[in-house]
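Biologist: Could you take a close look at one part of this model for me, the salt bridge side of things, and then walk me outward from there into the packing around it?

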Amino acid sequence: MTLKRNRNSAELKYNTTSQALLIPKFTAGEHPSEPAFKERFWKLPLLIAIAIVFVFWLDDYFYLDLYRFGLLPRTFEGLIGIFITPFVHSSLSHLLNNLLPLFLLLLSINYFYSSISRKIILSGYIITGILVWIIARDHYHIGASGQVYAFASFVFFSGLIKGKVHLLAISLLVAFLYGGLFWGIFPIHPHISWESHLAGGFTGFILALYFRHHEPYYSSPIEGFSKKKPTFIKLFPEAPAEYETSISDIRFRHITYYYTKPLK
């Protein structure tokens, strides 16, 4: 028999005389599960984390007082803070409070949403800063907490919209590590930029709505195939109803197979 696979206007044909269905193999770069992706999905989050630590070290060691380049709302000179603020922190505790949650969230977004991760990260980075510049108090605002809220909000609401338990679990883990994530959007402590938290949370919600049609990828980041018992699915409606095949990885379920008669 001949099995033809259509995927994004690309066609692949398999010929076999056995009753077992051949599971298609993706070429490099076609699917986020391929080895090259496994080797690089953590690099961008790690690079951002290293950059934040390096800027903090420069500021602390050379007494640069980089807070002067922080985000100062509704001023022309404060516009540069939209880009610099997430990299500037006032103390080591301030840095550590933001660094681990930010790294985990960037890692999650870059893995589960690999095809649009850079759009999400860049949008959360810029839009949060712009909103803070518009609505915040007339003080310098520094730190990456606004971006933490943006990415945590995106992961949480994306999981809520799509009903993905693993995304919700990641958000809850970040909330546990960050401590008081929800209460941070209220003006409880005057020395904390609650405006950044509020702007970040709103940004993440809007991004979750905007990218709601992008399904998150889910599989083990270490192994390409699940070792669990294969799940049997029917090829419907193109294939005969009585014909079943075993596909052990949920990633391949979106592929449509068409059954055709063998050429004589």
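Modeller: Sure. By the rule used here, the count comes to one salt bridge. Its partners are Glu195 and Arg137, whose side chains meet with an N to O distance of 2.6 Å. Glu195 sits in helix H8 while Arg137 belongs to the loop between H5 and H6, so the pair ties together parts that are 58 residues apart in sequence. Keep in mind that this is a predicted model.

How buried or exposed are the two partners? Glu195 counts as buried because its relative accessibility is 2%, under the 20% cut-off. Arg137 is partly exposed, with a relative accessible area of 28%.

Now outward to the packing. The largest nonpolar core has 32 residues, and Ile120 and Phe154 are those with the most contacts inside it. Helix H8 (194–210), the one that carries Glu195, supplies at least two residues of this core, and so does each of H2 (43–62), H4 (92–112), H5 (117–135), H6 (145–162) and H7 (165–178). The largest share comes from H4, with eight residues. As a general point, nonpolar side chains tend to be buried together in soluble globular proteins.

Zoom in on Ile120 and you can see who it meets: setting aside residues up to four places away in sequence, Ile120 touches Ile109, Tyr113, Phe151, Phe154, Leu207 and Phe211. Another core lies apart from the 32-residue one. That other core has five residues, including Leu71, Ile82, Val132 and Ala199.

Back in H4, there's a polar residue that deserves a look. Ser108 lies in that helix, and it counts as buried because its relative accessibility is 12%. A polar atom of the Ser108 side chain is 2.8 Å from the backbone oxygen of Leu104. Leaving out neighbours within four places in sequence, Ser108 is in contact with Tyr113 and Ile170. Tyr113 is also on the list of residues that Ile120 touches.

One last stop, for backbone oddities: the loop between H2 and helix H3 (81–84), where Tyr63 lies. Tyr63 is not a glycine, yet has a positive phi of about 55°. Asp65 is found in that loop too, and its phi is positive as well, near 50°, again in a residue other than glycine. As for accessibility, Tyr63 counts as exposed at 69%, and Asp65 is partly exposed with a relative accessible area of 42%.

How values were computed. Residues numbered from 1 in each chain as written. Predicted model: local features only at pLDDT ≥ 70, side-chain atom pairs only at ≥ 80, totals over all residues. Heavy atoms only, no water. Core = buried A, V, L, I, M, F, W, Y, C linked by side-chain atoms within 4.5 Å. Buried < 20%, exposed > 50% of the residue type's maximum accessible area, 1.4 Å probe, protein only. Helix = DSSP H or I, 4+ residues; strand = E, 2+ residues; numbered from the N terminus. Contact = heavy atoms within 4.5 Å. Polar contact = N/O pair within 3.5 Å; in protein donor to acceptor, adjacent residues only side chain to side chain. Salt bridge = Lys/Arg side-chain N within 4 Å of Asp/Glu carboxyl O.
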